[in-house]
Structure formats: structure tokens, C-alpha cells
Amino acid sequence: MASPIVYLIPSLLDEENIESIPSGVLKAIKDCEVLFAENERTARRYLKKLEKDIIIDRYEWFTISDDLSVSSAFRKKLKEGKKIGIISEAGCPGVADP
């Protein structure tokens with residue numbers, strides 16, 4: 001089984017400042033199999049803004065909430081060795097997330 005990877009994927013503080021996102025972020029997103037996002041709809045829109053040809057339906061999506069089932073799903077995906085991305089609404093999850 002592969003070792004799991006968790007990417008903390010930064011998003012925009014200013015929707016018009018897309019060039020502030022480092023190019024390595026798109027590579028990390030493309031590497032992911034599973035995405036956890038505060039709001040799936042805005043995360044999908046963000047990914048399309050980064051690269052309009054990205055196939056967002058290839059990811060397994062989970063909405064981040066206080067629900068214990070989300071943390072259970074996260075642990076399950078880690079045990080499966082998945083490549084996971086975490087996207088917040090603004091900033092970087094767990095680092096600079098207003």
C-alpha cells in the first residue's frame with residue numbers, strides 16, 4: 001500500500017489575484033485523489049479558475065464540518081494510502097486560514 005500524502009492547498013484571499021498562487025500548488029492538486037473542502041462549490045470554482053481544463057469530477061469530495069463522520073472519512077482515506085488535499089475558503093488550511 002502507498003503511503004498517504006496530505007496537501008494543505010492555499011486558496012485566494014482576493015479572487016482577482018490568481019497569480020499569487022505558486023505553480024507547485026496546481027501540481028499538488030493534480031496529484032490528489034481526494035479533496036476535503038469547507039465549501040465544495042467554491043472549491044470547484046477555485047480549481048477551474050486555476051486551470052479551466054481540470055477534471056474536478058475525478059476527485060472524491062468531502063465537505064469539512066464538525067461532523068464526526070468527516071474526520072472518520074479522513075482517517076479512512078489515510079489508511080487507504082490516498083493522496084488528500086485540504087482546501088479552505090481563504091488562505092492556507094491550518095496555517096493562515098482567516
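Good morning. Four bridges join strand S2 to strand S3, and these two strands run parallel. I begin with this pair as one part of a predicted model. Within the pair, alanine 37 has threonine 63 of S3 as its bridge partner.

Let me now turn to the whole sheet. It is open, it has four strands in the order S1-S4-S2-S3, and its pairing is parallel. At the edges lie strand S1, residues 5-9, and strand S3, residues 60-63, each of which pairs on one side only. On average, neighbouring strands of the sheet are turned by 20 degrees against each other, with direction ignored.

As general background, the strands of a sheet pair through backbone hydrogen bonds, in either a parallel or an antiparallel manner.

The next strand to consider is S4. Five bridges join S1 to S4, and the two run parallel; here valine 6 stands opposite isoleucine 84 of S4. S2 is joined to S4 by four bridges, again with the strands running parallel. In S4, isoleucine 87 stands opposite alanine 37, the residue whose bridge partner in S3 is threonine 63. How many of the five residues of S4 are buried? Four of them are, so S4 is largely enclosed by the rest of the structure.

I come now to the helices. The chain crosses from S2 through helix H2 to S3, and this β-α-β crossover is right-handed. The buried residues in H2 are Ala43, Tyr46 and Leu47. Around the axis they cover an arc of only 100 degrees, which puts them on the same side of H2. The elements that cover these buried residues of H2 include S1, H1, S2, S3 and S4.

For helix H1, the buried residues are Val25, Leu26, Ala28 and Ile29. Why do they line one face of the helix? Seen down the axis of H1, they fall within an arc of 160 degrees, so they line one face. Ser23 and Lys27, on the other side of H1, are exposed. Among the elements covering the buried residues of H1 are S1 and H2.

This brings us to the interior. The largest nonpolar core has 17 residues, and those with the most contacts inside it are Ile9, Leu35, Tyr46, Leu47, Tyr59, Trp61 and Ile87. At least two residues of this core come from each of helix H1, residues 23-31, strand S2, residues 34-37, and helix H2, residues 40-50. There is also a second, separate core of seven residues, which includes Val34, Phe36, Ala73 and Ile84.

Two residues of the largest core deserve a closer look. Leucine 35 is found in strand S2. Is leucine 35 buried or exposed? Its relative accessibility is 0%, and leucine 35 therefore counts as buried. If neighbours within four places in sequence are left aside, leucine 35 is in contact with Ile9, Leu47, Tyr59, Glu60, Trp61, Phe62, Gly85 and Ile87. One of these contacts, phenylalanine 62, is 27 residues from leucine 35 in sequence, while the C-alpha atoms of the two are 6.3 Å apart in space.

The second residue is tryptophan 61. When residues up to four places away in sequence are not counted, tryptophan 61 touches Leu35, Ala37, Glu40, Ala43, Arg44, Leu47 and Ile56. Of these, Ala43 and Leu47 are among the buried residues of H2.

I close with the segment after S4, where alanine 90 is found. Alanine 90 has a relative accessibility of 18%; buried means under 20%, so this residue counts as buried. How far apart in space are alanine 90 and serine 11, C-alpha to C-alpha? They are 5.1 Å apart, although 79 residues separate them in sequence.

In summary, the model holds an open sheet of four strands with parallel pairing, a right-handed crossover from S2 through H2 to S3, and a largest nonpolar core of 17 residues. Thank you for your attention.

Technical notes
Residues are numbered from 1 along each chain as its sequence is written. This is a predicted model: local features need pLDDT of at least 70, side-chain atom pairs count only at pLDDT 80 or more; totals for chains, interfaces and linings use all residues. Side-chain values use heavy atoms; hydrogens and water are left out. A nonpolar core is a set of buried Ala, Val, Leu, Ile, Met, Phe, Trp, Tyr and Cys residues joined through side-chain atoms within 4.5 Å. Buried means under 20% relative accessible area, exposed over 50%, partly exposed in between (1.4 Å probe, protein chains only). Contact means heavy atoms within 4.5 Å. Two strands pair if DSSP finds at least two bridges between them. Axes are lines fitted to C-alpha atoms, for helices over the stretch in contact, and angles run from 0 to 180 degrees between N-to-C directions. The arc is that of the directions from the helix axis to the C-beta atoms. A crossover is right-handed if, with the strands pointing away from the viewer, the path from the first strand over the helix to the second runs clockwise.
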